[in-house]
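Let's take a walk through a protein model together. Keep the structure in view as you read, and turn it around whenever a new region comes up.

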Amino acid sequence: MQQLIELYKTWRGSEPVATERLAGAGSNRSYFRMVDAEGQSVIGCVGTSRDENHAFIYLARHFTQRRLPVPQVLAVSADELRYLQTDLGTTSLYDAIRGGREAGGRYTLKEQQLLRQTIRQLPNVQFRGARGLDFSQCYPQPEFNIDSVLFDLNYFKYCFLKATELDFHELKLEADFRLMAKDLTAEKSESFLYRDFQARNVMISLPPSLSGESGGAASPETPSEGNGGSPFFIDFQGGRRGPFYYDLASFLWQASARYPDRLRRDLIDEYYAAAQQYIEMPKREHFDRRLQLFVLFRTLQVLGAYGFRGYFERKQHFIDSIPPAIDSLRQLVSTDAFHYPYLVDVLRRLTSLPQFRHIEVVAQSRADGYKTTDRNPYRAHPKDGPATFSKYDAQGPLVVKVFSFSYRKGIPADESGNGGGYVFDCRSTHNPGRYEPYKQLTGLDEPVIRFLEDDGEILTFLDSVYRLADAHVERYLQRGFTSLMFCFGCTGGQHRSVYSAQHLGEHLHRKYGIEVRIVHREQSISQVLK
């Protein structure tokens with residue numbers, strides 16, 4: 001620590017008046033916030049690996065020259081075990097979107113905007129950052145290759161799979177590992193693979209003004225877009241030359257983030273469009289297929305890390321991260337997307353182990369609000385007579401309309417000619433419109449969303465609505481009906497009804513993939529989810 005203070009003194013001309021050790025994560029590096037008499041701060045780092053520090057210092061300086069949004073290296077010790085960098089503040093993207101994550105994936109518009117800003121910047125780092133970069137400076141190796149893939153797959157095998165005591169044939173599993181490694185490295189890539197691209201490694205910040213002392217921090221090319229800060233990237237010292245799919249999979253399938261499928265698809269679209277500004281992207285079908293392969297690989301890789309850090313090092317954070325990762329793996333291997341028959345068989349048996357079975361129930365409950373039954377209540381009984389059918393049967397596809405409205409202005413009319421559908425009265429729940437800070441806002445705005453969800457009454461109300469709506473939609477899909485309508489009313493059609501209509505619409509679209517038309521009548525807002 002004293003040597004870090006000496007480095008600061010050499011750079012700044014005086015010792016810091018305050019030094020605060022920052023909380024660590026999975027790294028062996030130690031970070032300190034060092035503040036001068038004028039209140040300006042920098043971050044000091046003490047590492048245990050000279051080669052790892054050297055890689056970060058080289059990459060940070062290269063990216064700064066490319067004017068990418070990264071911290072600027074201000075001073076480095078002779079042995080490169082200590083360095084100073086610009087302080088990007090205390091708010092990571094992980095912190096900024098905490099509310100949506102803890103709400104089970106119900107991200108506000110502001111949180112979604114932060115995610116979109118971040119994902120649009122990723123190709124900037126991957127492709128512009130790779131220009132002129134000397135990959136031989138990367139640590140621990142210069143590129144993503146078969147050996148590194150096999151290392152990670154065996155890391156999963158030894159640190160996670162074996163710890164579960166699941167029986168498997170090592171040679172058959174190794175054969176599929178090698179086939180998978182060959183597929184993952186089949187395409188030549190010249191992009192920079194960040195490798196640890198996750199929300200914890202993105203800071204939402206404006207760079208501190210250090211002009212006069214350090215020459216100033218590099219400015220990102222993308223403005224803050226009015227959210228109070230832009231995404232800046234940190235902890236890229238493990239980067240190397242490699243496929244761009246890896247980072248996208250790492251970010252969007254971070255199990256604990258619980259990104260809804262719809263939001264994940266939107267973010268993939270954002271990335272694909274942004275990447276086309278830098279390279280000629282593969283056709284979308286090929287891109288999506290390759291991405292799924294990297295999602296599977298990344299999921300196995302993180303389970304290996306969770307096994308080592310959790311089962312062997314007994315770090316609770318990593319143990320807590322295992323259930324959502326297992327649930328992601330279960331969803332992946334439930335499809336026929338991968339041609340590794342023995343590996344898929346092992347993974348399906350893994351996710352069915354007794355210690356992991358409860359995860360499926362919890363995930364179902366969290367996503368849908370209740371546990372559905374596998375029993376089909378519409379299966380014919382032998383004593384039933386012949387069925388009769390409506391002229392509306394088998395006419396699909398189903399389109400669901402969801403309205404919010406004010407009771408003062410009447411219930412929305414049904415234009416389909418079917419006589420309307422459900423009308424739910426939200427007026428029994430706590431009304432944010434009674435309080436001055438929320439009077440000019442709607443149920444689409446983050447403060448109102450937080451008010452309603454923290455209060456909790458609206459969630460209990462919607463839990464019952466979801467049960468009823470899901471059962472009705474499922475039956476309409478079975479019969480091929482074309483139209484269903486849900487309406488939510490409150491006093492002014494501004495807060496509770498808007499929140500309820502938006503969330504039911506998104507829920508039905510996400511769960512059933514059907515077209516949903518959301519109309520907030522009193523707000524003159526409409527949206528079509530396809």
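Start on the inside, where the largest cavity holds about 100 Å³ of space. This is a predicted model, and the count comes to 2 cavities of 30 Å³ or more.

Which residues line the largest cavity? Its walls are formed by A249, S250, W253, Q254, A255, R298, T299, V302, Y306, A325 and S328. Sorted by character, this lining has 6 nonpolar, 4 polar and 1 charged residue.

Now look for the helices around that space. At least two lining residues come from each of α8 (245–252), α10 (284–312) and α11 (316–333). The largest share, 4 residues, is supplied by α10.

Next, zoom out to the whole chain. You can find 16 helices and 14 strands in it. Of its 530 residues, 52% count as buried. Among contacts with a separation of 6 or more, 74% link residues that are 24 or more positions apart. On the outside, the chain exposes about 25000 Å², and carbon and sulfur atoms supply 49% of that area.

Finally, how confident is the predictor? The mean pLDDT of the chain is 87, and 87% of the residues reach 70 or more. Two stretches deserve a more careful eye. Over residues 207–227, pLDDT stays under 50, and the model has 47 contacts beyond four places in sequence for them. Residues 359–381 also stay under 50, with 29 such contacts in the model.

Definitions and conventions. Residues numbered from 1 in each chain as written. Predicted model: local features only at pLDDT ≥ 70, side-chain atom pairs only at ≥ 80, totals over all residues. Heavy atoms only, no water. 1 Å grid on protein atoms, 1.4 Å probe; cavity = no way out; pocket = protein on both sides within 12 Å on 5 of 7 lines; lining within 4 Å. Points joined across faces, edges and corners; volume = space filled by probe spheres on them. Nonpolar A, V, L, I, M, F, W, Y, C, P; charged D, E, K, R; others polar. pLDDT = per-residue confidence, 0-100. Contact = heavy atoms within 4.5 Å. Buried < 20%, exposed > 50% of the residue type's maximum accessible area, 1.4 Å probe, protein only. Areas by Shrake-Rupley, 256 points an atom, 1.4 Å probe, with all protein chains shown as cover.
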